[in-house]
Every structure is written in structure tokens, then in C-alpha cells.
Amino acid sequence: MRGGAPVRIVIVGNGMAGSRLVSELRARDRNQRITVFGAEAWQPYNRVLLSSMLTGAARAGDIRLIDPGWYTANDVDARLGAEVTGIDRERKVVFSADGDVTPYDRLVLATGSAPVVPPLPGLDADGVVAFRTIDDCQAILRHAETARSAVVVGGGLLGLEAARGLAGRGLRVTVVHVAGHLMDRQLDAEAGDVLQRTIAGLGVGTLVGARLTAAHTEHGRVTGVELDDGTVLPADLVVLACGVRPVTGLARAAGLTVDRGVVVDDRLRSVDDPFVHAIGECAQHQGNVYGLVAPAWEQAAILADVLTGGDARYTGSRLVTRLKAAGIELAAMGETGLGDDEAEVVRFTDPTRGTYKKVVIRGDRLVGAILLGETGTAGLLTQLYDRVAPLPADRLGLLFPGLSAATPADTPVRIPDAATVCDCNNVTKGRIRACWEAGAREVSAVAAQTRATTGCGGCRDAVEGILGWLDAQETVR
Ligand SMILES: Cc1cc2nc3c(=O)[nH]c(=O)nc-3n(C[C@H](O)[C@H](O)[C@H](O)COP(=O)(O)OP(=O)(O)OC[C@H]3O[C@@H](n4cnc5c(N)ncnc54)[C@H](O)[C@@H]3O)c2cc1C
């Protein structure tokens, strides 16, 4: 408080981290004066679900995170479509493109990332679109209406989701990926190869180890892409999914330490200025810049505590990646390379059925895993990985659900209350059980109370399973 006046908090960026911080702050304190600037004109939305927009399973309104009216009802000054253009740390004010000068007591940078657009000829043509925002998604859909063939540049999580979505709309799709195998940041080469076969079966062609050199254009419209070996692929839509870069221009210009992201301490505070914080994809903590939503939301909750006088500390996040593309089951976490002499690696592969499973164990702890084609033990592995818990002696049960009696099966019945069911929102089975005991019988009721299922949505079946099992228990009693 400034002489009794409410603390003024200004948040730059109203994406998944910034919007979550606003609601976490309001849930804790009704007096702080909160202003949030969002360069996008949309109400904050769940970026993770953009791929559902591409497949046609969702529309823009379906993926909204905060309802219109919420800001007024909660006395939050939300400036949508307003970009912050500068920060004066001495005067403690921010400047926005609408000409306003807004004072702060605490400033939070939640500016996220921007897609990497390689500096190559032709990539400014009509029909070349990045994949990051609702506007991008709508542009892709508009082009997809008339396009017959598409090239997706980048065979990571985003690129594959885009490719799958476009193939589902009947386009001929080729993914061009510079590394030697798909999803090389999460998978080993063998898993990448199995994945390549699987998506080929779903109508998506792939060229790995291939570098784009230019886009071909005619009258300002893209007609194809050229690769470093001279191959030309015709395309009337090119989707760029070749990486993201944290948005740090404001922080740099304000003289804050920026490496890959804005460097913050355990209180998510800039290492240079105790009145400036950073969260989400623009922040760098202990050398890590995270590119998934779970860490962004974890950081938002911790910072809300810090900004309301709590003593929470951020200690880093453990990452679990799931691919959300129809017809492909994939979960990956931690170290997935070959490991070293000290690592124990247990693997099963059946390429013709598109199955590849691997766990990497070090000092009797699960340090990495890949489940491709069949993810029945994903919940169990996530739980063991998250909690750095000792492993059962029989390793097979880690790969195949129910195979080993010694292994706790990945079913609602046997997972412990402490197990995390929703990774994005860090919701345990125990919290879901508590909701059920308090009367919640539908997934939507549990979601309203805990936010489980509202991130990537990958835990929906598990939550449904737990509720169904609790219902059945009640009937038996
Ligand atoms: C298609 C797609 C699929 C994804 N799938 C998954 C997934 O399955 N699982 C997962 O965990 N993650 C996924 N992600 C990643 C996830 O969306 C991000 O990790 C998350 O959005 C990061 O949140 P953020 O708030 O840091 O950044 P963002 O959500 O990008 O928000 C940053 C916001 O800040 C705004 N901004 C920037 N500069 C300014 C300024 N100067 N003034 C005002 N506003 C500004 C931007 O316009 C943007 O709206 C996916 C991302 C995409 C694009």
C-alpha cells in the first residue's frame, strides 16, 4: 500500500499467463488496482486449443478463458487491443500505443513468445501464415477453404497439430522439418520414425533433414516452397511452425537483464528491479525458458501469492508434452535420449502398429519417458516423474497397463489421492474426490471448482473415469 492507497499492478500481456495472473490476484485480493494490457483485441483465450479450431472442433468463442463482463464485474481495467510500447522504470510508468501513461507500483511482463519467421525470400507472401494466435488461425482457415496443398514448416508439436488439422480438411499436406526426425526436442530418433509412419497413415507426408530456402510466389501469392536440395513443393498455403522466440524487446529497452528471456529469481522478480516481474514464456528462471502452459500457470499462481504478501517461491517445473492430434497418441517427458552408461533404458517397439514405448531410469528414479501409439500408463509415469518417486521393481508395468501385479495400475481405483490428474492446472485425484464428495457429479462442475480439464484437455477422460468410479462406489454402498 502507498500511504493506504491500493497497490497498482500493471500487467503487460493478456495471454495464458497474464490472464491467469489477473484471476489469481482477484481471487486473493479485491482492493488492488489491476490494469492489464493485451496487444490482441480478443478476450483472453486458451492458445493450446487453437489446434481444435483448425480441426473445426472449436470456434473462437469456445476457447475463451475469461468471459466478457468479468473485468467490469471484478473491477479490472482491461485494455484489449492496446500494446505497451515503453517502460520508464524511474518514473514507474508504462506507455501504451493508445497514448496513455499508466503508473504502477508493481509491473508484470507476460508478453509470451512470437513465432520465428526465417529471413528467407517469399515468406512475406499472401498464403504464408504463422501459427500462434486466433488471427493466425482464422487466416489459415480462410486460405484452407480454397487451397489444395499445404506445406507446414516445422515438425514439432505445433507443426504436427497444424498438419493433422489441415489433412483432416482434405488438403494434401507435407511437413518439412530441418532436424533428422520429427519432434526431435521431445523424442529420440526411433520414436520420431514411428511417428512419421503414423502420420503418413493419416495423410501427412514428411520430409526430415530438409531446409527451406525460399517460398515461390506469383502476383504476391505463395505457390510453393524450395528446399536446400533444389526440390520444389507446390503449395498454396504455407504454415510456419518453426519455433518461437520470447518477446523481450520492452524489457531490453528498459535496461533489464535479458538472456533468452527476462531473467527472474525465485519470486519471479527481475534480477535488476524488485518492482518488475516476469512470468510465462517471456521469463527465464534458473536458465530455463518454458514453452508449455503448465509452468506459465504455476508461475501465475506463485506470483499472485508474492504480490499479495505471501512467501511462495518458484522452484522450476517438470514438463510433460502431449500431442493433441486426432489419431495420434503421444506423451513424452524428461530425458528421452539414449541415456549414458548409468541410465537404465527399458524399451518396446512395434513400428507396424505405430507403437513405441520407452522409460529412462537413473538411480531408481524415472527421469524420462516416451509413450507413442498407446498411452495407457501415461498417468502413472507422469505421477512417478513429477514426484520423483522410487519405481516398482518390475519395469514392464511401466510400459503396459495392468501387466504387472507389482505395479499400481493406471486406473482411477488405484492411483493415490496425491497423484496429479490435470498437469496444466496441477489438480490431484484427491481434489477431484473432494469435489465429488461436495456434490460435483459432472466434469463441468469439477472444472468450475478446480479448473481441471481446462488447459490442454488431455485429462478429460481421466476426470470422467474418476467421477464414474466414485459414482459406482456409491451405488455399491
Ligand atoms: C497452436 C498452439 C498449440 C499449443 N499447444 C500446447 C499444448 O498442447 N500444451 C502446452 O502446454 N502448451 C501448448 N502451447 C503453448 C502455450 O500456448 C504457451 O506456453 C502459453 O500460451 C504461454 O503463455 P504466455 O502468456 O506466456 O504467452 P501468450 O499466451 O503468447 O500470451 C502473451 C500475450 O502477450 C501479448 N503481448 C506481447 N507483447 C505485448 C505488449 N507490448 N503489450 C501488450 N500485450 C503484449 C501478446 O499479444 C499475447 O497475447 C501451444 C501453443 C500454440 C500456439
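In this short talk I will go through two sheets, one helix, the ligand site and two loop residues of a predicted model.

Let me begin with the ligand. It is surrounded by 28 residues, and the closest of them are A17, E40, R132, E281 and K324. Looking at individual polar contacts, a polar side-chain atom of E281 lies 2.5 Å from an oxygen atom of the ligand. Two further contacts involve the backbone: a polar backbone atom of V84 is 2.9 Å from a nitrogen atom of the ligand, and a polar backbone atom of V293 is 2.8 Å from an oxygen atom of the ligand.

A17, which I have just named among the closest residues to the ligand, is also one of the buried residues of helix α1, and that helix is my next topic. Helix α1 covers residues 16–28, and its 13 residues reach 19 Å from the first C-alpha to the last, which is close to the 18 Å expected at 1.5 Å a residue. How much of α1 is buried? Eleven of the 13 residues are, and the helix is therefore largely enclosed by the rest of the structure. The buried set includes charged residues such as R20, E24 and R26, alongside others such as L21, V22 and L25. As for what encloses the helix, its buried residues pack against the strands β1 (8–12), β2 (33–38), β3 (76–80) and β7 (106–109), and also against the helices α3 (70–73) and α8 (293–307).

Now to the sheets, starting with an open one of three strands, which are arranged in the order β4-β5-β6 with antiparallel pairing. Its edge strands are β4, at residues 84–88, and β6, at residues 101–103, each of which pairs on one side only. Neighbouring strands here are turned against each other by 25 degrees on average, if direction is ignored. Between β4 and β5, the latter spanning residues 93–96, the antiparallel pairing runs over four bridges, and within β5 it is V94 that stands opposite I87.

The other sheet is also open, but it has five strands in the order β9-β16-β10-β11-β12, and the pairing is parallel. At its edges stand β9 (128–130) and β12 (204–208), and because each has a single partner strand, one side of each is left without a neighbour in the sheet. From one strand to the next, the twist averages 20 degrees. For β9 the partner is β16, at residues 237–240, and three bridges join these two parallel strands; across that pairing, A130 stands opposite L240. Helix α4, residues 134–146, packs on this sheet and touches both β9 and β16, with its direction making about 150 degrees with that of β9.

I will finish with two backbone details. Most residues other than glycine have a negative phi, and with that in mind I would point to Q286 and T453. Phi of Q286 is near 45 degrees, a positive value in a residue that is not glycine, while phi of T453, likewise a residue other than glycine, is positive and near 80 degrees. Both sit in loops, Q286 in the one between β20 (283–285) and α8, and T453 in the one between α12 (443–450) and α13 (460–476). Which of these is buried and which exposed? Q286 has 56% relative accessibility and so counts as exposed, whereas T453, at 14%, counts as buried.

Definitions and conventions. Residues numbered from 1 in each chain as written. Predicted model: local features only at pLDDT ≥ 70, side-chain atom pairs only at ≥ 80, totals over all residues. Heavy atoms only, no water. Pairing = 2+ DSSP bridges. Axes fitted to C-alpha atoms, helices over the stretch in contact; angles between N-to-C directions. Expected span 1.5 Å × (residues − 1). Buried < 20%, exposed > 50% of the residue type's maximum accessible area, 1.4 Å probe, protein only. Contact = heavy atoms within 4.5 Å. Near = heavy atom within 4 Å. Polar contact = N/O pair within 3.5 Å; in protein donor to acceptor, adjacent residues only side chain to side chain.
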